[in-house]
Amino acid sequence: MHGVEETMGVNETETAVHIPVQRGEQLLDSAVRYTEERHWDVVPGTWLEAVDGGERCSCGAPRCPAPGAHPVRPDWSAQATGSGVGARRMWTKQPGASILLPTGRAFDAIEVSESAGFLALARMERMELPLGPAACAPDRRMYFFVLPGAAAKVPDLIRALGWSPASLDLATLGEGRYVAAPPTRVGGRGAVQWARHPSATNRWLPEAEELVSALAYACGREAADARGRKA
């Protein structure tokens, strides 16, 4: 994603994140690229408005949990487009709108904490596992893109590994859900970033089965560390 992705250091102990400035032209160009280069559906979400020297979500809620980065209307899914022409028209109308990618269509997303995600990512890269794009949100959540259908399979895959799905901070986003895409900015928290940006080498997404073991291990280790700190 030329002009969109930022370099992020990846290791098991720390990450280096540079937050880009969000500009309308970046959002429009990025939305068009997602449709034309990745064949992903996109839908414009809310945006940030300047109010009394600060910023507020266009939804008007004083305590919006995801300011500038959530759907505008209940039927948002039906408004999504996979057309570059359609995306350009939508973001020309509202240049500051966030970019939302519906899951359950071209991909599902496995969501974990950022710390567990980078631990798992480092392990998977050492093991040379096939990886798709992975995104980091400002709330320190990380999303691994996998083939559709993962939402139905992941709980059983976790049980087969000996874990209880309820014991791990791991969720899967499928039909009816969405992820915010770079360079969407979430209030004053920062921007969504690519930890592994979309490229020619990861055009073919992995099955959830290929990633779940490393992700479950990382989440289990994080949970164990948290229990140890409380002991």
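Helix H5 buries Ala150, Val154 and Ile158. Seen down the axis of H5, these buried residues fall within an arc of 65°, so they line one face of the helix. An α-helix has 3.6 residues a turn, so residues three or four places apart point the same way. On the other side of H5, Ala152, Asp156 and Ala160 are exposed. The cover over the buried residues of H5 includes strands S7, S9 and S10 together with helix H6. Just after H5, Gly162 adopts a positive phi of about 95°. The model described here is predicted.

**The sheet and its helices**

Strands S7, S9 and S10 also belong to an open sheet of five strands, ordered S10-S7-S9-S8-S12, with antiparallel pairing. Its edges are strand S10 (170-173) and strand S12 (193-196), each of which pairs on one side only. On average, and with direction ignored, neighbouring strands of this sheet are turned by 30° against each other.

At the S12 edge, three bridges join S8 to S12, and the two strands run antiparallel. Within this pairing, Cys136 stands opposite Gln193 in S12. Cys136 is buried, its relative accessible area being 2%.

Two further helices contact these strands. Helix H4 packs on the sheet and touches S7, S8, S9 and S12, and its direction makes about 40° with that of S9. Helix H6 lies across S7, S9 and S10 and runs at about 20° to S7.

**Nonpolar cores**

The largest nonpolar core has 28 residues, and those with the most contacts inside it are Ile110, Met124, Met142, Phe144, Val154, Leu170 and Leu215. The elements that give two or more residues to this core are strand S7 (108-113), helix H4 (114-126), strand S8 (134-137), strand S9 (141-146), helix H5 (150-160) and helix H6 (209-230). H6 supplies the largest share, seven residues.

Leu170 illustrates how this core is joined. Leaving aside neighbours within four places in sequence, Leu170 is in contact with Ile110, Glu111, Val112, Val154, Ile158, Leu215, Ala216 and Cys219. Val154 and Ile158 are among the buried residues of H5.

A second core, separate from the one above, has 26 residues and includes Leu27, Ile99, Tyr143 and Val192.

**Pro102 and its surroundings**

Pro102 is found in strand S6 (residues 99-102). With a relative accessible area of 3%, Pro102 is buried. Residues up to four places away in sequence not being counted, Pro102 touches Asp41, Val42, Trp76, Ala80, Phe107, Arg177 and Tyr178. A link across the sequence also appears in the backbone: the C-alpha atoms of Pro102 and Gly176 are separated by 7.1 Å, although the two residues lie 74 residues apart along the chain.

**Cysteines and buried positions**

The count of disulfides in the model comes to zero. Cys57 is in no disulfide, and the nearest cysteine sulfur, that of Cys59, is 3.5 Å away. A disulfide here requires cysteine sulfur atoms within 2.5 Å, so this pair does not qualify. Cys57 itself counts as buried, at 2% relative accessibility.

The table gathers relative accessible areas of residues discussed above.

| Residue | Relative accessible area | State |
|---|---|---|
| Cys57 | 2% | buried |
| Cys136 | 2% | buried |
| Pro102 | 3% | buried |

Key:
Residues are numbered from 1 along each chain as its sequence is written. This is a predicted model: local features need pLDDT of at least 70, side-chain atom pairs count only at pLDDT 80 or more; totals for chains, interfaces and linings use all residues. Side-chain values use heavy atoms; hydrogens and water are left out. A nonpolar core is a set of buried Ala, Val, Leu, Ile, Met, Phe, Trp, Tyr and Cys residues joined through side-chain atoms within 4.5 Å. Buried means under 20% relative accessible area, exposed over 50%, partly exposed in between (1.4 Å probe, protein chains only). Helices (H or I, at least four residues) and strands (E, at least two) are DSSP runs, numbered from the N terminus. Contact means heavy atoms within 4.5 Å. Two strands pair if DSSP finds at least two bridges between them. Axes are lines fitted to C-alpha atoms, for helices over the stretch in contact, and angles run from 0 to 180 degrees between N-to-C directions. The arc is that of the directions from the helix axis to the C-beta atoms.
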